[in-house]
Amino acid sequence: MIAFILRRLVQSVIVMLTVALVAFSLFRFVGDPIASMVGQETTLAERAELREALGLNDPFIVQFWSFVARAATGDFGISYRLQQPVMELILSRLPATLELALVSGILAFLFGVGFGVYTALRRGNWLSGSIMTISLIGVSLPTFLIGVLLIWVFAVELQWLPSFGRGDTVYIGDWWRTGLLTESGRASLILPAITLGLYQMTLIMRLVRAEMLEVLRTDYIKFARARGLSNRAVHFGHALKNTLVPVITITGLQMGSIIAFSIITETVFQWPGVGALFIRSVQFVDVPVMAAYLMLIALVFVVINLVVDLLYYAVDPRLRVDRANARH
Amino acid sequence: MPEPLLSVRDLVVEFPTRRGVLRALDKVSFDIAEGEVLGMVGESGAGKSLTGAAIIGLLEPPGRIAGGEIWLRGERIDNLAREKMRRIRGRRIGMVFQDPLTSLNPLYTVAEQLTETIRTHIDVSEKEARKRAIALLDRVGIPAASRRIDDYPHHFSGGMRQRVVIALALAAEPELVIADEPTTALDVSVQAQIIDVLKEICAERGASVMLITHDMGVIAETADRVAVLYAGRLAEIGPVRDVIQAAEHPYTVGLMGSIPTLTQTADRLTQIPGAMPRLNAIPTGCAFNPRCTRVMDRCRIDRPELAARPGGRQVSCWLYDTAMEAADG
Amino acid sequence: MTDSTPEDRPNALVRAWDSDIAWSFRRSPLAIIAALVSLIIILAAVFAPWLAPHDPFDPGTLNLMDGFTPPMEPNAFTGNVYWLGTDNQGRDVFSTILYGARISLFVGFMAVLFAMVLGITLGLIAGYRGGWLDSLLMRVADVQLTFPSILLALLIFGVARGFIPPAYREAMAIWVLIVAIGLSDWVQYARVVRGATMVEKSKEYVQAARVIGAHPTKILVRHILPNVMGPVLVIATIGLALAIIAEATLSFLGVGVPPTQPSLGTLIRIGQGFLFSGEWWILLFPSLTLLALALSVNLLGDWLRDALNPRLR
């Protein structure tokens with residue numbers, strides 16, 4: 001178990017270093033960092049001085065190392081566009097993105113598993129038929145279009161829900177600004193969360209359905225039925241648990257995608273999160289922000305992968321190898 | 001004659017397909033007496049497993065019972081409501097499947113699967129169920145049962161897993177156990193042990209066994225009577241010794257001829273020419289007629305019904321038609 | 001068929017009609033509808049300059065007085081009637097859709113072509129050569145697969161823009177976009193082609209060709225490539241739908257094609273601005289077109305996968 005976690009940790013560090021290399025290359029080679037920092041009237045001599053002072057003349061590996069060292073402490077420099085420390089910018093916007101991603105992820109998982117199980121158990125009935133058809137459209141619809149159409153129907157025509165922003169927010173602790181504790185904050189979250197979660201929900205649903213149908217055909221399900229276990233026990237005790245093993249992996253990876261797709265949703269709903277910040281940085285070639293965002297996303301992916309591995313381990317006893325080898 | 005434990009009458013199982021309805025079992029009738037071991041033999045696809053699945057009410061859709069009746073101790077069970085049939089499964093009819101490696105849910109410990117089964121059918125406490133489960137595991141020959149009960153299936157070897165499967169099938173003390181090729185997937189060295197365990201426990205509890213297999217050796221050692229299936233129809237049924245030593249149906253004769261024995265001094269084993277017909281191409285008349293060495297004109301036109309023969313045997317073959325009339329007269 | 005044609009031509013047609021694919025196509029109404037819708041949109045886009053009633057990019061033909069004309073209603077000032085209405089500048093929405101679809105499809109097709117050529121080439125090399133090159137390529141592919149492709153396209157787009165001097169950014173945008181989308185989607189092709197190459201490589205006819213000294217490139221192109229065209233076609237079709245969606249998304253986010261060459265995504269971005277003032281048609285019709293295009297190409301890809309039944313993934 002410890003060896004397993006250690007191996008995973010080493011792999012994660014390698015991935016992070018690779019991404020750091022990409023991020024650093026962005027820093028170093030995209031545009032001229034000096035030109036982005038200083039005004040037009042700076043002399044060439046001053047520029048050369050600054051270049052030396054910033055260590056831009058050092059060997060590549062030295063520069064990379066100092067980049068990693070600074071990144072590890074959360075120092076990604078100053079945004080070219082906003083002239084603020086990048087980390088400060090990201091931290092102030094992170095809660096918005098995380099709250100949105102978390103709520104959509106939970107929605108996607110709950111409804112995805114629910115619909116998936118329902119359509120697998122009630123094959124051929126009209127309701128599961130319609131759910132499957134709608135899901136096909138859901139997979140083909142671009143995320144931003146879903147958002148725009150939801151705004152049109154629920155914000156413009158029906159005027160039930162707000163169309164942009166986070167509503168009222170309150171602070172939890174020093175820097176976490178939450179919208180979950182106010183009514184307008186929760187109302188503002190509904191449409192973006194649906195938009196962001198819909199695609200993942202259809203994916204999870206289709207996966208759960210396929211896996212469930214697969215599991216229902218297995219011998220141990222037949223044997224469970226032959227022992228007279230109730231449908232409930234067979235479907236939810238035996239079939240669902242086995243279905244969830246592969247579903248956990250995919251859902252975990254989807255959580256990463258949800259964070260990435262939040263770029264789109266945040267733009268549609270003018271949600272003040274890191275995704276919207278990233279889009280701006282791409283438009284303005286604001287390299288420090290791009291690099292930091294890249295590292296952040298990589299970190300999220302690595303952490304999620306680790307968590308998924310551990311969950312897997314908890315759910316599937318076959319992976320707990322240490323005991324198995326001793327017996328037989 | 002006492003009432004049989006299980007009585008199957010003219011059972012018909014059909015599979016509707018795009019190209020018409022396939023008849024996988026055609027008017028199969030047999031009884032299993034209290035405490036009896038009935039062997040069910042036939043080639044793959046003859047309908048052995050389907051018979052078992054039909055009895056326990058677990059035919060895979062679109063397969064369905066299209067005719068006939070199944071009686072369990074005087075109660076008709078083929079048309080029971082789903083919930084009532086569920087209560088019979090495990091409690092009154094247990095089933096052992098072929099592959100022990102896939103029969104157990106890999107995510108639950110043996111204890112969890114056993115106590116769940118016991119408590120589904122018998123109103124006992126968790127603690128009592130566990131006690132029974134350990135006793136059961138001990139009985140089927142799992143060493144150190146009280147410790148190993150908390151292991152997961154993958155901790156056991158194939159033979160041990162099949163013992164666990166038998167324990168599970170017998171957990172709620174059923175009156176009838178359907179064992180569908182219980183040893184086919186196992187190592188040859190443990191096959192005999194598994195059959196012995198199954199037979200012993202069932203004998204102890206007075207449970208009847210329907211043993212589905214294509215291994216005549218197992219049948220010879222284990223079964224009291226044997227039923228021979230061919231293309232979804234019963235060819236012959238009778239006491240195991242009689243059928244093996246003096247088979248009457250030409251198919252059974254051929255089947256027996258293909259078994260090597262120690263006493264037999266034959267130079268070569270006989271083989272039935274041809275192959276069993278597919279379900280969509282069963283010939284009219286007797287299903288066996290294209291392969292039969294003693295085929296008559298009548299066999300190609302009329303289908304022979306299962307008819308009683310002396311010594312409690314039944315055969316469906318026109319060869320014995322006149323003989324039967326003579327015996328009656 | 002005419003009697004003067006050589007024998008093989010009607011035969012080829014008959015053969016095509018009788019093939020399994022054609023048979024499965026005729027039996028699938030959904031595939032027929034999807035194919036029809038795709039075809040109509042593609043043709044309309046290709047012939048946009050001839051079909052469109054107005055040229056939305058020619059300011060001379062625009063009349064600001066025509067602005068915000070609802071669909072099928074005469075304009076209050078000029079009395080002009082537009083099928084799908086006009087936008088704020090008096091541009092005919094129908095015409096902008098035709099030209100927008102043209103750009104969306106152009107970017108989509110080019111991106112797929114780019115991804116396909118890149119993926120097939122790398123897949124062939126990796127599968128044929130094996131060794132460290134193969135492991136390296138496949139490691140890169142694995143890492144890339146765990147990353148959402150839209151994020152990747154965004155990053156590539158951002159980086160590429162950094163390298164291009166600001167003055168050229170607008171002119172190069174469409175090509176940068178094609179490369180960004182293409183680069184984010186080559187992995188699927190490479191994987192399938194690599195797998196097939198490794199299987200074919202060990203077969204006798206390839207060995208034989210090697211023995212007689214055929215050049216590896218020739219072996220790859222002649223013998224191995226035709227074997228993977230089926231799966232590649234399926235990936236390309238679904239890839240086209242994905243590329244169209246990716247382009248629309250990036251353009252909607254404002255990082256795609258320049259506003260002077262609006263694609264469907266740009267049109268939707270513009271249309272969103274008029275939602276609250278009630279000019280719904282500026283948003284709705286481009287959205288429906290994009291939806292119809294993406295859905296029908298997707299369905300076509302789905303059907304093709306089932307019809308060819310290659311074991312994808």
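**Exercise 1. The contact of chains A and B**

How many residues does the contact take from chain B, and how many from chain A? Then find which elements of chain B take part.

*Solution.* Note that the model is predicted.

Step 1. Count each side. Chain B gives 25 residues, and chain A gives 23 residues.

Step 2. Look for elements of chain B that supply two or more residues to this side. They are helix 2 (82-88), helix 3 (100-103) and helix 4 (110-121) of chain B.

Step 3. Find the largest share. Helix 4 of chain B provides it, with four residues.

Step 4. Sort the chain B side by class. Nine residues are nonpolar, ten are polar and six are charged.

**Exercise 2. Helix 5 of chain B**

Describe helix 5 (residues 126-139) of chain B: its span, its buried residues and its surroundings.

*Solution.*

Step 1. Check the span. Helix 5 of chain B has 14 residues. From first C-alpha to last, the helix reaches 20 Å. That is close to the 20 Å expected at 1.5 Å a residue.

Step 2. List the buried residues. For this step, a residue is buried if 20 or more other C-beta atoms lie within 10 Å of its own C-beta. In helix 5 of chain B, Ala129(B), Ala133(B), Leu136(B) and Leu137(B) are buried.

Step 3. Why do these buried residues line one face of the helix? Look down the axis of helix 5 of chain B. The buried residues fall within an arc of 95 degrees, so they line one face.

Step 4. Turn to the face away from the buried side. Here sit the exposed residues Lys127(B) and Ala135(B).

Step 5. Find the packing partners. The buried residues of helix 5 pack against helix 4, helix 6 (145-148) and helix 7 (158-170) of chain B.

Step 6. Move just past the helix. Gly141(B) takes a positive phi of about 90 degrees there.

**Exercise 3. Profiles of chains A and C**

Give the helices and strands of chain A and of chain C. Add burial and contact figures for chain A and for chain C.

*Solution.*

Step 1. Count the elements. Chain A has 13 helices and two strands. Chain C has 13 helices and zero strands.

Step 2. Read off burial. In chain A, 41% of the 328 residues are buried. In chain C, 46% of the 313 residues count as buried.

Step 3. Take contacts between residues at least 6 apart in sequence. In chain A, 70% of these join residues at least 24 apart. In chain C, the figure is 68%.

Step 4. Add the extent of chain A. Its C-alpha trace spans about 85 × 65 × 35 Å along its principal axes.

Technical notes:
Residues are numbered from 1 along each chain as its sequence is written. Chains are lettered from A and ligands numbered from 1 in the order in which they are written. This is a predicted model: local features need pLDDT of at least 70, side-chain atom pairs count only at pLDDT 80 or more; totals for chains, interfaces and linings use all residues. Two residues are in contact if their C-beta atoms, placed from the backbone, lie within 7 Å. Ala, Val, Leu, Ile, Met, Phe, Trp, Tyr, Cys and Pro count as nonpolar, Asp, Glu, Lys and Arg as charged, and the others, Gly among them, as polar. A residue is buried if 20 or more other C-beta atoms lie within 10 Å of its own, exposed if 12 or fewer, and partly exposed in between; C-beta atoms are placed from the backbone. The expected span of a helix is 1.5 Å times one less than its number of residues. The arc is that of the directions from the helix axis to the C-beta atoms.
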